[in-house]
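Biologist: I'd like to know what backs up the labels people put on a model like this. Can we go through it together?

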Amino acid sequence: MPNPPQRQVTIAQVAEYAGVSQASVSRVLNRNQKVDPAISAKVLDAIDKLNYSPSQMARNLVRGRSNTVALVVPDLENPMFQGVLKGLSREAARDGYRVLVADTAERVADEEEIAVEARSRCDALVLVSPRMPAERLEALLSRSGPIVVVNRPVASDPAAELSVDYEHAARTLGEHLISLGHTRLAYLAGPPQSYADGLRRRGLAELVARHPDVEVQDIAGGSQVEDGYRAAEDVLSSGATAVVGFNDLIALGLLARLRELGVDVPGELSVTGIDDVPLARFAAPPLTTMSVPRLELGAQSWRRLRDAMAGEPATHPLSYRAILEVRGSTGPAPEASGWLSPGRPVLRLGDRIVARYEEGTAIDAVLSPRPFLHPVETLGGVRVTDVHPTDHLHHFGIGVALPDVNGTSYWGGRTYVQGVGSVMLENQGRQRRDDLVADGDTLTERLTWIDEREVAQLSEVRTIRGRAVRLGERDAWSLGWRSVLTANFGALELGSPATNGREGAGYGGLFWRFPRWEATVTTADGSGEQAAHGSRSPWLAVTDASRRVTVLLLQPAGAEPLPWFARVAEYLGIGPAVAWDEVVHVDEGGTLELGIDALLVDRAITDPVELADLAAAHASAWRAGPTPRPAPKA
């Protein structure tokens, strides 16, 4: 018969053999420095004699070592920290040591406890970028050494300090961007509790001190890919032409979102990071970054721990400087104002990006793909457009949308059928971009409208202008839109749900979908949705008092105003209506012009007299520029 398994010795038996309490045994096992040496000797002798070995800890204590070291990091997903781990593990293995890893997941409150527990199980400890307050870090060092700290200063024991000169790294990136002509930079910041974040800020502050014409705008970020992804819209709204990311991960997240938004990197925006993680050179485009010796930091951490455990600690701190790696994500600064590129244009006025123009090819076919403006913002940064809202998925910023062109919908979604109601038909067309030219503050686009059978129905020449204006002591900007539709493929009949029997639903034309505001709508005929809907007022104002913003919309001077389609209570959507209550006929070769001028003001204006005066002045200003063609009667 096989021998029965031996029963494991318990901590109670160790305590009884040593003549001490179980609590005393636990304190010895946990390396509590306050245990009386005589008691500690009795416990260690009992452990050895009884062969007490919970997970080998007792034998390690008897030998005085565990042949393991601990690494504590704030985020193990960060390849920077993975590089340190690899260098530490490889170097420690040469001396017969293993590495245990703990991830604090950026939980500052738990960091010290995790570090203490890790140290109790190992012979030494490496702390990488610890977030805990300085006084707690110093206390930990004094009672739990040997410890090496990466990327934090150590006042009580400088020899325990390994660091990267992130101040120099951020300043070097800034100098690189300035050499490319960038003067408005954004810093996509790291975690507020990060010491290394403070170093980067100091480097950028010194950069600004050296270059008074350079501005660095701070944008909340973090340390992970998702943080950069979420910050993309804030970066674009800042008006910066280049970004310094806290690290590569946040820069890679930003690049991913910019790619989805169609932003040209580096044509419209240059992006940089810090660390040179392995994925940086494989990004699209490859990321310009500061290369940090991750493996060397890990290897040097082990060498310093090994020397400290041998009684020969280092005598000085060690700091590394990162090296600039220039890749494809940085390029010359774009022009100071105007539409910056013909591909996916961005309108920059002074130091702000106020509008983006999207081609719309990613729109689902049933929503009638078409180009549109979004986001559009005031100079003060208030967004005045919405896109793909849950209440009406087929609304896209500012664009031309007609619900019925010879039976084809360029509005998207359901079609109103008399006697039936709104139903989903396979009749959605699309607007195809054929050419786009950006020239200063003017964008000219040529389009072909294609029906559901892939047959061309009409062509369009679209002109969009944007320019800054001065209103007394206040800056604002104006947007001008003209679309000339030509029936060069045959005669056209333009209708709407209203022309097919749905009362009050004469929408279709140049349509502006606003965000869900608590807005006031004012026209020359009065205030409110009832007064505005169907009004032929030459102007209409949308005002949100809480956001202190007014958008004043004007129909082109010299043409008979179209009725305003105005929805306020259900959703906020405004536009001059082409087929308000009658079908519009356009003979073959004939044209129809749609247009609107908008003044975007960072002030709440509801006084009808002031709005009328502002409309008259703004109409005069546009007449002083290129004269719009009056819309011919169709």
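Modeller: Sure, and keep in mind that this is a predicted model. Let's start with an open sheet of six strands, running β7-β6-β8-β9-β10-β12 with mixed pairing.

Biologist: What makes β7 and β12 the edges of that sheet?

Modeller: β7 (215–219) and β12 (323–325) each have a single partner strand, so one side of each has no neighbour in the sheet. From one strand to the next, the twist averages 20 degrees.

Biologist: How do you know that β9 and β10 count as paired?

Modeller: Pairing takes at least two bridges. Strand β9 (residues 270–275) and strand β10 (residues 288–291) have four, in the parallel sense, so they pass the cut-off. As for partners, Asp275 bridges to Ser291 in β10.

Biologist: And what makes β25 and β33 a pair?

Modeller: It's the cut-off of at least two bridges again. Strand β25 (residues 492–495) shares three with β33, in the antiparallel sense, and Glu493 stands opposite His585 in β33. They belong to an open sheet of three strands, β18-β25-β33, with antiparallel pairing. Its edge strands, β18 (404–405) and β33 (584–586), each pair on one side only.

Biologist: Now the helices: why is α1 called roughly perpendicular to α2?

Modeller: The axes of α1 (residues 11–18) and α2 (residues 22–29) cross at roughly 105 degrees and come within 8 Å. Angles of 65 to 115 count as roughly perpendicular, so α1 gets that label against α2. Ile11, Ala12, Val14 and Ala15 of α1 meet Gln22, Val25, Ser26 and Leu29 of α2. By class, that contact has six nonpolar, two polar and no charged residues.

Terms used: Residues are numbered from 1 along each chain as its sequence is written. This is a predicted model: local features need pLDDT of at least 70, side-chain atom pairs count only at pLDDT 80 or more; totals for chains, interfaces and linings use all residues. Side-chain values use heavy atoms; hydrogens and water are left out. Axes are lines fitted to C-alpha atoms, for helices over the stretch in contact, and angles run from 0 to 180 degrees between N-to-C directions. Helices (H or I, at least four residues) and strands (E, at least two) are DSSP runs, numbered from the N terminus. Angles under 35 degrees count as roughly parallel, over 145 as roughly antiparallel, 65 to 115 as roughly perpendicular and the rest as oblique. Contact means heavy atoms within 4.5 Å. Ala, Val, Leu, Ile, Met, Phe, Trp, Tyr, Cys and Pro count as nonpolar, Asp, Glu, Lys and Arg as charged, and the others, Gly among them, as polar.
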